Amino acid sequence: MGPLAGFRVIELAGIGPGPFCGMMLSDMGAEVIRVDRIVSNPRQPRDVMQRNRRSIAVDLKKPEGAEVVLQLCENADAIFEGFRPGVTERLGVGPEDCLARNEKIVYGRMTGWGQEGPLAHAAGHDINYIGLAGALHAIGEPGGKPVPPLNLIGDFGGGGMLLAFGLVCAMLEAQKSGKGQVVDAAMVDGAASLMSAFFGMKDYGFVAERGSNMLDGGAHFYGTYETSDGKYICVGSIEPQFYELLVEHSGVNATDFDAQMDRDGWVAKREVLTAIFKSKTRDEWSAIMEGTDICFAPVLSIWEAPDHPHNRARQTFVDVDGVTQPAPSPRFSRSQAEVSHSARAPGQDTRSVLLDYGFDDGVITSLLDASVVG
(Lines give C-alpha, C1' and ligand atoms only; values in the text may rest on other atoms or scores of the structure.)
Protein backbone atom coordinates (compact mmCIF):
# COMPACT_ATOMS: atom_id res chain seq x y z
CA MET A 1 0.00 0.00 0.00
CA GLY A 2 1.22 3.48 -0.86
CA PRO A 3 2.17 6.15 1.70
CA LEU A 4 -1.17 7.98 1.33
CA ALA A 5 -3.23 4.89 2.16
CA GLY A 6 -6.10 5.87 4.44
CA PHE A 7 -6.64 9.33 2.95
CA ARG A 8 -9.90 9.89 1.08
CA VAL A 9 -10.08 12.44 -1.74
CA ILE A 10 -12.98 13.54 -3.95
CA GLU A 11 -12.07 14.61 -7.50
CA LEU A 12 -14.55 16.68 -9.47
CA ALA A 13 -13.58 15.40 -12.90
CA GLY A 14 -11.92 17.79 -15.34
CA ILE A 15 -9.15 17.74 -17.94
CA GLY A 16 -5.35 18.01 -17.95
CA PRO A 17 -3.88 18.98 -14.58
CA GLY A 18 -6.85 17.76 -12.52
CA PRO A 19 -6.64 14.13 -13.65
CA PHE A 20 -2.85 14.26 -13.28
CA CYS A 21 -3.24 15.40 -9.68
CA GLY A 22 -5.75 12.60 -9.08
CA MET A 23 -3.35 10.08 -10.60
CA MET A 24 -0.49 11.22 -8.40
CA LEU A 25 -2.57 10.95 -5.22
CA SER A 26 -4.15 7.61 -6.10
CA ASP A 27 -0.80 6.16 -7.23
CA MET A 28 0.46 6.92 -3.73
CA GLY A 29 -2.38 4.97 -2.16
CA ALA A 30 -5.04 7.60 -1.48
CA GLU A 31 -8.62 6.53 -2.15
CA VAL A 32 -9.62 9.00 -4.85
CA ILE A 33 -13.24 9.01 -6.02
CA ARG A 34 -13.74 10.69 -9.41
CA VAL A 35 -17.07 12.49 -9.75
CA ASP A 36 -17.91 12.33 -13.46
CA ARG A 37 -20.81 13.70 -15.45
CA ILE A 38 -23.63 11.36 -16.34
CA VAL A 39 -23.19 10.19 -19.93
CA SER A 40 -25.21 7.84 -22.05
CA ASN A 41 -23.44 4.66 -23.14
CA PRO A 42 -20.26 5.31 -21.09
CA ARG A 43 -17.14 3.73 -22.55
CA GLN A 44 -14.03 2.47 -20.84
CA PRO A 45 -11.44 5.25 -21.25
CA ARG A 46 -7.78 4.52 -22.01
CA ASP A 47 -6.55 7.69 -20.33
CA VAL A 48 -3.53 6.74 -18.23
CA MET A 49 -4.13 9.71 -15.92
CA GLN A 50 -7.49 8.29 -14.82
CA ARG A 51 -6.03 5.06 -13.46
CA ASN A 52 -6.27 3.82 -9.88
CA ARG A 53 -9.59 5.35 -8.88
CA ARG A 54 -13.28 4.57 -8.93
CA SER A 55 -15.87 6.67 -10.76
CA ILE A 56 -19.27 7.90 -9.68
CA ALA A 57 -21.51 9.78 -12.14
CA VAL A 58 -23.46 12.71 -10.68
CA ASP A 59 -25.61 15.47 -12.19
CA LEU A 60 -24.20 18.46 -10.33
CA LYS A 61 -26.75 20.80 -11.91
CA LYS A 62 -29.41 19.22 -9.73
CA PRO A 63 -29.49 20.22 -6.06
CA GLU A 64 -29.77 16.56 -5.16
CA GLY A 65 -26.54 15.92 -7.06
CA ALA A 66 -24.74 18.62 -5.09
CA GLU A 67 -26.08 17.02 -1.93
CA VAL A 68 -24.53 13.69 -2.94
CA VAL A 69 -21.11 15.35 -3.23
CA LEU A 70 -21.53 17.15 0.09
CA GLN A 71 -22.34 13.86 1.79
CA LEU A 72 -19.20 12.33 0.26
CA CYS A 73 -17.24 15.26 1.69
CA GLU A 74 -18.42 14.40 5.20
CA ASN A 75 -16.18 11.32 5.08
CA ALA A 76 -13.30 12.69 2.99
CA ASP A 77 -10.01 14.40 3.74
CA ALA A 78 -9.94 16.55 0.59
CA ILE A 79 -11.84 17.55 -2.51
CA PHE A 80 -10.45 19.29 -5.58
CA GLU A 81 -11.85 20.87 -8.74
CA GLY A 82 -10.60 22.54 -11.91
CA PHE A 83 -13.40 24.88 -12.93
CA ARG A 84 -13.26 28.63 -13.47
CA PRO A 85 -13.61 30.72 -10.30
CA GLY A 86 -17.16 30.77 -8.97
CA VAL A 87 -18.48 27.71 -10.81
CA THR A 88 -18.55 25.33 -7.86
CA GLU A 89 -20.11 28.02 -5.68
CA ARG A 90 -22.98 28.29 -8.15
CA LEU A 91 -23.34 24.51 -8.14
CA GLY A 92 -23.54 24.44 -4.34
CA VAL A 93 -20.27 22.55 -3.81
CA GLY A 94 -17.90 25.46 -3.24
CA PRO A 95 -15.42 25.72 -0.35
CA GLU A 96 -17.90 27.17 2.15
CA ASP A 97 -20.45 24.47 1.34
CA CYS A 98 -17.96 21.65 1.82
CA LEU A 99 -16.30 23.09 4.93
CA ALA A 100 -19.73 23.53 6.49
CA ARG A 101 -20.17 19.75 6.24
CA ASN A 102 -16.63 18.88 7.30
CA GLU A 103 -14.50 21.54 8.95
CA LYS A 104 -11.37 19.45 8.44
CA ILE A 105 -11.70 18.99 4.69
CA VAL A 106 -9.07 20.48 2.35
CA TYR A 107 -10.49 22.15 -0.75
CA GLY A 108 -8.17 22.24 -3.76
CA ARG A 109 -8.76 24.65 -6.64
CA MET A 110 -6.92 24.20 -9.95
CA THR A 111 -7.02 27.12 -12.40
CA GLY A 112 -4.75 28.69 -14.97
CA TRP A 113 -4.76 32.29 -13.73
CA GLY A 114 -5.74 31.83 -10.08
CA GLN A 115 -8.84 32.71 -8.09
CA GLU A 116 -8.35 36.47 -8.41
CA GLY A 117 -6.57 38.99 -10.59
CA PRO A 118 -7.45 40.73 -13.89
CA LEU A 119 -7.28 37.47 -15.88
CA ALA A 120 -8.95 35.18 -13.33
CA HIS A 121 -12.10 34.63 -15.40
CA ALA A 122 -10.45 34.49 -18.83
CA ALA A 123 -9.97 31.27 -20.78
CA GLY A 124 -6.47 29.99 -21.30
CA HIS A 125 -4.23 26.98 -21.85
CA ASP A 126 -0.79 25.84 -20.76
CA ILE A 127 0.94 27.89 -23.47
CA ASN A 128 -0.65 31.10 -22.18
CA TYR A 129 0.20 30.50 -18.53
CA ILE A 130 3.85 29.70 -19.18
CA GLY A 131 4.02 32.65 -21.55
CA LEU A 132 2.96 35.01 -18.78
CA ALA A 133 5.25 33.34 -16.22
CA GLY A 134 8.43 33.92 -18.24
CA ALA A 135 9.02 30.26 -19.06
CA LEU A 136 8.00 30.07 -22.72
CA HIS A 137 10.23 32.99 -23.76
CA ALA A 138 13.34 31.05 -22.73
CA ILE A 139 12.68 27.91 -24.77
CA GLY A 140 13.66 27.71 -28.44
CA GLU A 141 16.48 27.86 -30.96
CA PRO A 142 18.81 30.87 -31.20
CA GLY A 143 17.13 33.55 -33.28
CA GLY A 144 13.96 31.48 -33.53
CA LYS A 145 10.54 31.74 -31.99
CA PRO A 146 9.56 30.31 -28.58
CA VAL A 147 8.75 26.57 -28.72
CA PRO A 148 6.00 25.08 -26.50
CA PRO A 149 7.48 22.25 -24.38
CA LEU A 150 4.32 20.15 -24.89
CA ASN A 151 2.09 21.09 -21.92
CA LEU A 152 4.51 19.82 -19.31
CA ILE A 153 5.30 23.06 -17.49
CA GLY A 154 1.87 24.63 -16.96
CA ASP A 155 -0.60 21.76 -16.90
CA PHE A 156 1.44 19.03 -15.28
CA GLY A 157 4.53 20.42 -13.50
CA GLY A 158 3.23 23.80 -12.41
CA GLY A 159 -0.41 22.66 -12.25
CA GLY A 160 -1.39 19.13 -11.28
CA MET A 161 1.84 18.27 -9.51
CA LEU A 162 1.82 21.40 -7.36
CA LEU A 163 -1.88 20.94 -6.61
CA ALA A 164 -1.12 17.42 -5.36
CA PHE A 165 1.73 18.82 -3.27
CA GLY A 166 -0.52 21.54 -1.87
CA LEU A 167 -3.29 19.07 -1.01
CA VAL A 168 -0.90 16.77 0.84
CA CYS A 169 0.61 19.74 2.73
CA ALA A 170 -2.84 20.94 3.78
CA MET A 171 -4.02 17.44 4.74
CA LEU A 172 -0.97 17.03 6.97
CA GLU A 173 -1.61 20.43 8.55
CA ALA A 174 -5.27 19.53 9.14
CA GLN A 175 -4.17 16.51 11.16
CA LYS A 176 -2.55 18.90 13.62
CA SER A 177 -4.99 21.83 13.57
CA GLY A 178 -8.23 19.95 12.98
CA LYS A 179 -9.11 22.62 10.40
CA GLY A 180 -9.34 22.43 6.64
CA GLN A 181 -8.50 25.21 4.21
CA VAL A 182 -8.54 26.18 0.55
CA VAL A 183 -5.55 25.44 -1.72
CA ASP A 184 -5.39 27.93 -4.62
CA ALA A 185 -3.16 26.27 -7.24
CA ALA A 186 -2.71 28.45 -10.33
CA MET A 187 -0.69 27.25 -13.28
CA VAL A 188 0.82 30.69 -13.85
CA ASP A 189 2.09 30.64 -10.25
CA GLY A 190 3.37 27.10 -10.57
CA ALA A 191 5.16 27.79 -13.86
CA ALA A 192 6.80 30.85 -12.28
CA SER A 193 7.90 28.69 -9.34
CA LEU A 194 9.53 26.20 -11.71
CA MET A 195 11.51 29.13 -13.16
CA SER A 196 12.96 30.11 -9.75
CA ALA A 197 16.53 29.17 -10.61
CA PHE A 198 16.49 31.25 -13.77
CA PHE A 199 15.08 34.31 -12.04
CA GLY A 200 18.08 33.97 -9.76
CA MET A 201 20.40 33.82 -12.77
CA LYS A 202 19.04 36.77 -14.72
CA ASP A 203 21.40 39.23 -13.04
CA TYR A 204 24.38 36.86 -13.24
CA GLY A 205 25.09 36.14 -16.88
CA PHE A 206 21.76 34.73 -18.09
CA VAL A 207 20.92 36.56 -21.33
CA ALA A 208 17.46 37.24 -22.70
CA GLU A 209 18.11 35.86 -26.20
CA ARG A 210 16.75 32.32 -26.22
CA GLY A 211 19.08 29.52 -27.17
CA SER A 212 22.11 31.49 -26.02
CA ASN A 213 22.60 30.25 -22.48
CA MET A 214 24.21 27.16 -21.04
CA LEU A 215 21.02 25.24 -20.24
CA ASP A 216 18.84 26.28 -23.19
CA GLY A 217 20.91 24.78 -25.99
CA GLY A 218 23.26 27.71 -26.47
CA ALA A 219 26.30 25.84 -25.20
CA HIS A 220 27.89 23.23 -27.44
CA PHE A 221 28.31 20.89 -24.48
CA TYR A 222 24.63 20.97 -23.45
CA GLY A 223 22.21 20.21 -26.22
CA THR A 224 20.96 17.79 -28.86
CA TYR A 225 22.68 16.61 -32.02
CA GLU A 226 21.35 14.80 -35.07
CA THR A 227 22.96 11.48 -36.02
CA SER A 228 23.49 9.92 -39.45
CA ASP A 229 20.23 7.96 -39.30
CA GLY A 230 18.12 11.07 -38.69
CA LYS A 231 17.79 10.42 -34.96
CA TYR A 232 19.19 12.44 -32.06
CA ILE A 233 21.45 12.19 -29.03
CA CYS A 234 21.81 14.62 -26.13
CA VAL A 235 24.83 15.64 -24.08
CA GLY A 236 25.09 17.63 -20.86
CA SER A 237 28.82 17.80 -20.17
CA ILE A 238 28.81 20.83 -17.89
CA GLU A 239 31.49 19.94 -15.36
CA PRO A 240 35.11 20.17 -16.61
CA GLN A 241 35.86 16.48 -16.03
CA PHE A 242 32.74 15.51 -17.99
CA TYR A 243 33.62 17.95 -20.75
CA GLU A 244 37.06 16.34 -21.07
CA LEU A 245 35.37 13.01 -21.68
CA LEU A 246 33.09 14.54 -24.33
CA VAL A 247 36.13 15.93 -26.14
CA GLU A 248 37.97 12.61 -25.86
CA HIS A 249 35.13 10.30 -26.95
CA SER A 250 33.83 12.53 -29.75
CA GLY A 251 37.25 12.65 -31.37
CA VAL A 252 37.48 16.44 -31.74
CA ASN A 253 40.80 18.27 -31.53
CA ALA A 254 41.31 18.93 -27.81
CA THR A 255 43.27 22.14 -28.48
CA ASP A 256 40.35 23.59 -30.44
CA PHE A 257 37.96 22.73 -27.61
CA ASP A 258 39.65 24.43 -24.68
CA ALA A 259 38.07 27.50 -23.04
CA GLN A 260 34.85 25.59 -22.46
CA MET A 261 32.96 28.52 -20.91
CA ASP A 262 33.97 31.15 -23.46
CA ARG A 263 30.62 32.06 -25.05
CA ASP A 264 32.32 33.54 -28.09
CA GLY A 265 33.46 30.08 -29.13
CA TRP A 266 30.25 28.17 -28.52
CA VAL A 267 28.79 28.54 -32.01
CA ALA A 268 31.96 27.37 -33.79
CA LYS A 269 32.40 24.42 -31.45
CA ARG A 270 28.74 23.43 -31.88
CA GLU A 271 29.22 23.40 -35.66
CA VAL A 272 32.18 21.03 -35.30
CA LEU A 273 30.24 18.68 -33.01
CA THR A 274 27.24 18.84 -35.33
CA ALA A 275 29.32 17.47 -38.19
CA ILE A 276 31.00 14.81 -36.05
CA PHE A 277 27.80 13.49 -34.47
CA LYS A 278 26.24 13.24 -37.90
CA SER A 279 28.98 10.81 -38.95
CA LYS A 280 27.56 7.89 -36.95
CA THR A 281 24.14 6.48 -36.09
CA ARG A 282 22.43 7.08 -32.76
CA ASP A 283 23.13 3.49 -31.71
CA GLU A 284 26.80 3.77 -32.65
CA TRP A 285 27.19 6.87 -30.48
CA SER A 286 25.31 5.13 -27.67
CA ALA A 287 27.81 2.27 -27.83
CA ILE A 288 30.65 4.79 -27.51
CA MET A 289 29.25 7.15 -24.89
CA GLU A 290 26.39 5.59 -22.96
CA GLY A 291 27.32 4.66 -19.40
CA THR A 292 30.28 7.05 -19.26
CA ASP A 293 30.43 10.29 -17.28
CA ILE A 294 29.96 12.35 -20.43
CA CYS A 295 26.32 12.83 -19.36
CA PHE A 296 24.95 11.28 -22.52
CA ALA A 297 21.68 9.69 -23.58
CA PRO A 298 19.96 8.79 -26.82
CA VAL A 299 16.86 10.87 -27.50
CA LEU A 300 14.10 8.25 -27.41
CA SER A 301 10.49 8.54 -28.51
CA ILE A 302 7.64 7.45 -26.22
CA TRP A 303 7.48 4.28 -28.34
CA GLU A 304 11.16 3.52 -27.73
CA ALA A 305 11.66 4.59 -24.11
CA PRO A 306 9.92 1.59 -22.44
CA ASP A 307 12.29 -0.83 -24.20
CA HIS A 308 15.56 0.78 -23.15
CA PRO A 309 17.56 -1.64 -20.93
CA HIS A 310 17.85 0.87 -18.08
CA ASN A 311 14.13 1.59 -18.06
CA ARG A 312 13.42 -2.14 -18.21
CA ALA A 313 15.75 -2.84 -15.30
CA ARG A 314 14.14 -0.06 -13.25
CA GLN A 315 10.62 -1.04 -14.34
CA THR A 316 10.09 2.62 -15.12
CA PHE A 317 7.16 1.63 -17.32
CA VAL A 318 4.40 -0.89 -16.63
CA ASP A 319 1.71 -2.54 -18.73
CA VAL A 320 -1.83 -2.22 -17.39
CA ASP A 321 -4.70 -3.72 -19.39
CA GLY A 322 -2.59 -3.61 -22.53
CA VAL A 323 -1.52 0.03 -22.14
CA THR A 324 2.18 0.77 -21.56
CA GLN A 325 2.50 3.69 -19.14
CA PRO A 326 4.87 5.27 -16.61
CA ALA A 327 4.99 3.50 -13.27
CA PRO A 328 4.15 5.50 -10.12
CA SER A 329 6.91 7.82 -8.97
CA PRO A 330 8.68 8.39 -6.62
CA ARG A 331 9.49 5.06 -5.01
CA PHE A 332 9.45 4.17 -1.35
CA SER A 333 11.39 1.55 0.57
CA ARG A 334 8.42 0.32 2.59
CA SER A 335 5.03 1.71 1.51
CA GLN A 336 5.38 1.15 -2.22
CA ALA A 337 2.99 2.76 -4.68
CA GLU A 338 1.32 0.68 -7.38
CA VAL A 339 -1.15 0.71 -10.27
CA SER A 340 -4.07 -1.43 -9.15
CA HIS A 341 -6.35 -0.87 -12.15
CA SER A 342 -6.79 1.22 -15.27
CA ALA A 343 -9.32 3.97 -15.89
CA ARG A 344 -12.94 3.24 -15.06
CA ALA A 345 -15.92 4.20 -17.20
CA PRO A 346 -17.92 7.21 -15.92
CA GLY A 347 -20.29 5.98 -13.22
CA GLN A 348 -18.94 2.43 -13.25
CA ASP A 349 -18.63 2.39 -9.45
CA THR A 350 -21.55 4.63 -8.45
CA ARG A 351 -23.40 2.10 -6.32
CA SER A 352 -20.33 0.64 -4.60
CA VAL A 353 -18.91 4.07 -3.78
CA LEU A 354 -22.17 5.35 -2.31
CA LEU A 355 -22.53 2.20 -0.23
CA ASP A 356 -18.97 2.63 1.07
CA TYR A 357 -19.72 6.24 2.02
CA GLY A 358 -22.79 5.31 4.06
CA PHE A 359 -25.68 5.74 1.61
CA ASP A 360 -28.66 3.43 2.13
CA ASP A 361 -29.27 1.01 -0.75
CA GLY A 362 -32.84 2.25 -1.17
CA VAL A 363 -31.65 5.86 -1.33
CA ILE A 364 -29.15 4.89 -4.01
CA THR A 365 -31.88 3.28 -6.08
CA SER A 366 -34.00 6.43 -5.76
CA LEU A 367 -31.09 8.60 -6.87
CA LEU A 368 -30.51 6.35 -9.87
CA ASP A 369 -34.19 6.38 -10.80
CA ALA A 370 -34.25 10.19 -10.64
CA SER A 371 -31.04 10.43 -12.75
CA VAL A 372 -29.32 12.34 -9.96
CA VAL A 373 -26.56 9.74 -10.24
CA GLY A 374 -25.88 7.39 -13.08
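How many aromatic pairs does a search of the whole structure find? The search finds seven, where rings of Phe, Tyr and Trp (its six-membered ring) pair if their centres lie within 6.5 Å. Before the tour begins, note that this is a predicted model, in which local features need pLDDT of at least 70 and side-chain atom pairs count only at pLDDT 80 or more, while totals for chains, interfaces and linings use all residues. Residues are numbered from 1 along each chain as its sequence is written, and side-chain values use heavy atoms, with hydrogens and water left out.

**Stop 1: an aromatic pair.** Select tyrosine 225 and phenylalanine 277, which form a tilted aromatic pair with 4.9 Å centre to centre and 40° between the planes. Planes under 30 degrees apart count as stacked, over 60 as edge-to-face and the rest as tilted. The pair links distant parts of the chain, 52 residues apart: tyrosine 225 belongs to strand 7 (residues 222–226) and phenylalanine 277 to helix 10. Helices (H or I, at least four residues) and strands (E, at least two) are DSSP runs, numbered from the N terminus. Tyrosine 225 counts as buried at 3% relative accessibility, and phenylalanine 277 is buried at 0%. Buried means under 20% relative accessible area, exposed over 50%, and partly exposed in between (1.4 Å probe, protein chains only).

**Stop 2: helix 9.** Select residues 240–250, which make up helix 9. Which residues of this helix are buried? They are Phe242, Tyr243, Leu246, Val247 and Ser250. Because these residues cover an arc of only 145° around the axis, they are on the same side of helix 9; the arc is that of the directions from the helix axis to the C-beta atoms. Glu244 and Glu248, on the other side of the helix, are exposed. Now add strand 8 (232–236), helix 10 (266–277) and helix 11 (282–289) to the view, since the buried residues of helix 9 pack against these elements. Just after the helix, glycine 251 takes a positive phi of about 85°.

**Stop 3: an aromatic cluster and asparagine 213.** Keep Tyr243 selected and add Phe221 and Trp266; these three form one aromatic cluster. Trp266 is also among the residues touched by asparagine 213, as are Phe206 and Arg263, not counting residues up to four places away in sequence. Contact here means heavy atoms within 4.5 Å. Asparagine 213 lies in the loop between helix 8 and strand 7 and counts as buried at 3% relative accessibility.

**Stop 4: backbone features in loops.** Most residues other than glycine have a negative phi, and most peptide bonds are trans. Select cysteine 295, whose phi is near 70°, a positive value in a residue other than glycine. Cysteine 295 lies in the loop between helix 11 and strand 9 (296–298) and is partly exposed, with a relative accessible area of 34%. Move next to aspartate 321, which has a positive phi of about 50° although it is not a glycine. Aspartate 321 is found in the loop between strand 10 (317–320) and strand 11, and is exposed at 56% relative accessible area.

Where does proline 330 lie? It is in the loop between strand 11 (323–326) and helix 13 (350–356). Select serine 329 together with proline 330 to view the cis peptide bond that joins them, with omega of about 5°.
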